[in-house]
Amino acid sequence: MKLSQFSFTLPEECIAKYPAEYRDESRLMVLHKNTGDIEHRIFKDILGYCDENDVFVFNDTKVFPARLRGNKEKTGAEIEVFLLRELNKDQRLWDVLVDPARKIRIGNKLYFGENDSLVAEVIDNTTSRGRTLRFLYDGPYEEFKKTLYAIGEMPVPKWIRPCAEPVDTERFQTIYASKEGAVASPAAGLHFSREIFKRMEIKGVDPVFITLQMGLGHFRTVDVEDLSKHKIDSERVTISEETADRINRAKSEGHKVFAVGVTVVRALETPVTTTMQVKPFDGWTNKFIFPPYTFSIPDAMVTNFHLPNSTMLMSAAAFGGYENVMKAYRTAIKEGYRFGTYGDAMLIID
């Protein structure tokens, strides 16, 4: 597959700037991948497509306030720091992106918060992701983390809207988020409400959880035409023995496994045995799924409508079939579906 095959014109008004009023009342397009047939539903209808003892697999990663706004020493120039990953807890080292990067050098000090309450020093200018900062903070670690997060903002992508608002602290997280470490939200999970989980319980549908700490790799621009040459950033994945056993039991008994989001699909397809089972896993994955691809684990996939040329769109097309998914996207634009993190959902199923 080529990059240009995933290019399409997306009108600006199709990108959702804000979430739906209620999580489970966004629209749901159901794409039957075997026939290409499309249904138009509301998200709360999703349980009509599953049966007792089916399994929904969720990513319980939790987004942290990763965007910091501050100033450079001496010049006072405004800078933005995007926290990517904590490298060393004791030394307060973080892997970050800095904007504008061209003005930042090793040894520069950066100031954040009211009265410059937090100071960082640039100690490495050569990492593949940008910069390494050492935060100069002498207090206890928990106090440092509390200060850092109090200054930070939830990293709502700028292509959604330029400024985050307080509501995003809640709505940019899934209701089951628990394992802190993501800088992007697993968007497909944002549609699930407490009411849906209660109805799953009543119906006998099992929710299970994996963790994939989402980085910026999903959103990096693909700049090669040949998709086999694109490299995606590695992300940490944890699949417990209990979760793996429940998924494998569902498969062996002929029940469906619903993967909620591209991140879950990547996680499930990473530690697969030769007998098509999921293994417990605690490690890293840089798996990039694009057509053609033969899936081992998920029988159905819940995903949002993604932007042109995005790796998430490519993974959805691998699952639903390229022609089916691109046709569904054309239909979505025509029918006024909302795209992006806060947008509407698609269920891809047999």
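**Group meeting: a helix, a sheet and a few odd backbone spots**

Okay, let's start right after helix α4, where G254 takes a positive phi of about 85 degrees. Keep in mind throughout that this is a predicted model.

So, the helix itself. α4 covers residues 241-252, twelve residues in total. From its first C-alpha to its last it reaches 16 Å, which is close to the 16 Å expected at 1.5 Å a residue. Which of its residues are buried? They are T243, A244, R246, I247, N248 and A250. As for what covers them, the list includes four strands, β3 (55-59), β12 (206-212), β13 (235-239) and β14 (257-260), along with helix α5 (262-269).

Those strands bring us to the sheet. It's an open one, made of nine strands with mixed pairing. Reading across, the order goes β2-β1-β17-β16-β14-β3-β12-β13-β15. Who stands at the edges? That would be β2 (38-42) and β15 (281-285); each has a single partner strand, so one side of each is left without a neighbour in the sheet. Ignoring direction, neighbouring strands here are turned by 25 degrees against each other on average.

Let's zoom in on one pair. β3 and β12 run in the parallel sense and pair over five bridges. Across that pair, F58 stands opposite F209 in β12. And here α4 comes back in: the helix packs on the sheet, touching β3, β12, β13 and β14, and its direction makes about 130 degrees with that of β12.

Now the inside. As general background, nonpolar side chains tend to be buried together in soluble globular proteins. In this model the largest nonpolar core has 62 residues, and V57 and L268 are the ones with the most contacts inside it. Where does the largest share of that core come from? From helix α6, residues 311-320, which puts in seven residues. Take L268 as an example: setting aside neighbours within four places in sequence, L268 is in contact with V57, I247, V257, A259, V278 and I297. You'll recognise I247 as one of the buried residues of α4. There's also a second, separate core, this one of 27 residues, and it includes F82, L110, V122 and Y137.

Next, a residue I'd like you to click on: N53. You'll find it in the loop between β2 and β3. Phi of N53 is near 75 degrees, so we have a positive value in a residue other than glycine. Buried or exposed? Neither, really: at 31% relative accessibility, N53 counts as partly exposed, because buried means under 20% and exposed means over 50%. Leaving out residues up to four places away in sequence, N53 touches G204, R246, A250 and H255. Two of those names, R246 and A250, are on the list of buried α4 residues. N53 and E253 are 200 residues apart along the chain, yet their C-alpha atoms are separated by 9.1 Å.

N309 is another non-glycine residue with a positive phi, near 65 degrees. N309 lies in the loop between β16 and α6, and with a relative accessible area of 28% it is partly exposed too.

Last stop, the cis peptide bonds. One joins D99 and P100, with omega at about 0 degrees; P100 is in the loop between β7 (93-99) and β8 (109-112). Another runs from P291 to P292, with omega near -10 degrees, and P292 lies in the loop between β15 and β16 (300-304).

Terms used:
Residues are numbered from 1 along each chain as its sequence is written. This is a predicted model: local features need pLDDT of at least 70, side-chain atom pairs count only at pLDDT 80 or more; totals for chains, interfaces and linings use all residues. Side-chain values use heavy atoms; hydrogens and water are left out. A nonpolar core is a set of buried Ala, Val, Leu, Ile, Met, Phe, Trp, Tyr and Cys residues joined through side-chain atoms within 4.5 Å. Buried means under 20% relative accessible area, exposed over 50%, partly exposed in between (1.4 Å probe, protein chains only). Helices (H or I, at least four residues) and strands (E, at least two) are DSSP runs, numbered from the N terminus. Contact means heavy atoms within 4.5 Å. The expected span of a helix is 1.5 Å times one less than its number of residues. Two strands pair if DSSP finds at least two bridges between them. Axes are lines fitted to C-alpha atoms, for helices over the stretch in contact, and angles run from 0 to 180 degrees between N-to-C directions.
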